[in-house]
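I sat down with a structure I had not seen before and started a notebook page. Here is what I looked up, in the order I got to it.

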Amino acid sequence: MMIQESISIEEKLNERIKELSCLYEVSTAIREYDGSNENTLESIVQILKNAWRFPELATVEIQCENYHLTSNPIPSQAYSQKSIIQISEKQMGFIKVHYPASDLSKAHFLVEEQRLLDKVAYEIALFFERQTIKTQEELLKKTAQRNDRLSILGEITAGIAHELNTPLGNILGFAEFIAEKNQEPQIKRDAQKIIKSAMYSREVVKKLMFFSCDMPQDIKKIEVKPIITQALSLLKPNFKKANISFEFLIQDPGLKAQVDPIQLTQVFFNLVINAIYYSPENSKIIISISNNKTHYTIEIADKGKGIDPEVKDKIFEPFYTTKPLGEGSGLGLSVVHGIIKSHRGEISIADNVPNGTIFKVQLPLKF
């Protein structure tokens with residue numbers, strides 16, 4: 001039980017005025033938020049220090065989320081008042097006011113000061129809660145806008161893909177016929193160029209169909225390792241040509257999941273080929289698969305130059321590419337994103353320390 005030092009009525013009145021002034025100044029600091037949480041908390045620290053009965057001896061400490069601020073160094077031996085900062089019934093931090101034990105005792109804290117501390121802790125909790133809600137609203141708005149754009153684009157690309165499929169098949173067929181029947185070297189070379197361009201165009205069409213979800217899914221429960229192993233086997237010439245090695249690690253070799261094997265292969269191919277493209281010679285790409293009771297995670301880590309922070313939000317957008325003209329359609333990662341979403345999964349990007357990029361794909365074991 002805390003014994004409180006008796007104070008005069010005049011002192012009580014002065015403390016009440018300080019309390020009201022403090023609450024007003026804290027509300028003002030929060031209302032005038034400049035975009036920096038740290039600046040706002042720093043202001044609150046100084047406001048609280050001046051509100052206490054002995055401000056010249058008080059040290060205010062705030063710890064909330066990743067922030068830890070003090071008005072001045074905390075005395076090694078001190079008495080303190082404390083209030084918890086709680087958001088949605090979860091403890092997010094605390095506020096403490098310390099008095100040095102060499103000058104004052106616990107009796108010098110007032111009950112009114114504890115109530116003030118509790119009110120300020122509540123105001124800080126509301127401040128961070130509003131920040132979280134605002135961030136979530138902005139994210140939902142961006143997601144909705146993106147989904148609207150993708151829905152419209154999906155309808156357009158599905159139509160384009162169907163319209164292009166037949167003429168491309170004819171171009172390819174006639175070019176192969178010319179290459180086979182004609183013995184003129186220059187004509188054969190020109191026909192091969194047509195075949196190569198037509199094949200590239202058909203791959204773009206296939207990606208458009210994947211992107212627009214126009215490719216039917218064939219979900220079945222299968223072992224994951226053989227799919228990845230077979231894909232890596234097919235990609236060995238790509239690794240060899242780029243002079244890059246790889247390492248494949250899997251937590252559970254017998255792991256089974258409900259998945260479309262062709263679409264999973266498509267995801268893996270696109271991510272690995274992308275990693276090979278950006279990896280320097282003599283480097284190694286690490287492919288790892290881990291799992292828990294509900295999900296499995298595929299990670300592809302390269303040692304390339306990494307992804308600039310300003311483009312991280314764009315790389316899954318259709319037709320966006322950082323590759324030179326003619327080397328990428330800008331559909332690979334958008335196709336990956338679409339397939340993963342259709343499997344109720346998530347894809348994220350992280351920096352590979354000290355350099356490079358990690359693509360992380362998390363998928364449910366049961367669809």
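My entries below go from the whole chain down to single residues.

**Entry 1: the chain as a whole**

I noted at the start that this is a predicted model. I looked up the secondary structure and got seven helices and 11 strands. The chain has 367 residues, and buried ones make up 38% of them. I then checked the contacts between residues at least 6 apart in sequence, and 69% of these join residues at least 24 apart. For the accessible surface I wrote down about 21500 Å², with 54% of that belonging to carbon and sulfur atoms.

**Entry 2: the cores**

Which residues touch the most other members of the largest nonpolar core? I found F268, L271, Y296 and I300, in a core of 37 residues. Next I asked which elements each supply at least two residues of this core. On the helix side I listed helix 5 (224–242), helix 6 (261–278) and helix 7 (332–342). On the strand side I listed strand 7 (256–259), strand 8 (284–291), strand 9 (295–301) and strand 11 (357–364).

I picked F268 for a closer look. With its neighbours within four places in sequence left aside, F268 is in contact with I228, A231, L232, L235, I287 and I300. I also came across a second, separate core, this one of 32 residues. V45, V60, V120 and F127 are among its members.

**Entry 3: helix 1 against helix 2**

I reminded myself that two packed helices are described by the angle between their axes and the distance between the axes. Helix 1 covers residues 9–31 and helix 2 covers residues 37–51. Their axes come within 9 Å and cross at roughly 175°. That angle makes helix 1 roughly antiparallel to helix 2.

Which residues make the contact? From helix 1 I copied down E15, K18, C22, E25, V26, A29 and I30. From helix 2 I copied down T40, S43, I44, I47, L48, N50 and A51. Sorted by class, this contact has eight nonpolar, three polar and three charged residues.

**Entry 4: backbone oddities**

Most residues other than glycine have a negative phi, and most peptide bonds are trans. I went looking for exceptions.

- V353 and P354 are joined by a cis peptide bond, with omega about 5°. I placed P354 in the loop between strand 10 (346–351) and strand 11.
- N282 is not a glycine, yet its phi is positive, about 65°. I found N282 in the loop between helix 6 and strand 8. N282 counts as exposed, since its relative accessibility is 63% and the cut-off for exposed is over 50%.
- R344 is not a glycine either, and its phi is positive at about 60°. R344 sits in the loop between helix 7 and strand 10. With 60% relative accessibility, R344 counts as exposed.

**Entry 5: three single residues**

I started with I84, which lies in strand 3 (residues 78–87). Its relative accessible area is 34%, so I84 is partly exposed. I84 and C64 are 20 residues apart along the chain, and their C-alpha atoms are separated by 9.6 Å. Leaving aside neighbours within four places in sequence, I listed Q91, G93, F94 and A121 as the contacts of I84.

Then I turned to H108, in the loop between strand 4 (90–100) and helix 3 (111–181). Is H108 buried or exposed? H108 counts as buried, because its relative accessibility is 15% and buried means under 20%. I paired H108 with R53: they are 55 residues apart in sequence and 8.2 Å apart in space, C-alpha to C-alpha.

My last pick was T297, in strand 9. T297 is buried, with a relative accessible area of 11%. From T297 to I250 I noted 9.9 Å in space, C-alpha to C-alpha, and 47 residues in sequence. What is T297 in contact with, leaving aside its neighbours within four places in sequence? I wrote down S288, I289, S290, K360, V361 and Q362. Strand 8 (284–291) and strand 11 (357–364), which I had listed in Entry 2, each supply at least two residues of the largest core.

Methods:
Residues are numbered from 1 along each chain as its sequence is written. This is a predicted model: local features need pLDDT of at least 70, side-chain atom pairs count only at pLDDT 80 or more; totals for chains, interfaces and linings use all residues. Side-chain values use heavy atoms; hydrogens and water are left out. Helices (H or I, at least four residues) and strands (E, at least two) are DSSP runs, numbered from the N terminus. Buried means under 20% relative accessible area, exposed over 50%, partly exposed in between (1.4 Å probe, protein chains only). Contact means heavy atoms within 4.5 Å. Accessible areas come from the Shrake-Rupley method with a 1.4 Å probe; for residues, only the protein chains shown count as cover. A nonpolar core is a set of buried Ala, Val, Leu, Ile, Met, Phe, Trp, Tyr and Cys residues joined through side-chain atoms within 4.5 Å. Axes are lines fitted to C-alpha atoms, for helices over the stretch in contact, and angles run from 0 to 180 degrees between N-to-C directions. Angles under 35 degrees count as roughly parallel, over 145 as roughly antiparallel, 65 to 115 as roughly perpendicular and the rest as oblique. Ala, Val, Leu, Ile, Met, Phe, Trp, Tyr, Cys and Pro count as nonpolar, Asp, Glu, Lys and Arg as charged, and the others, Gly among them, as polar.
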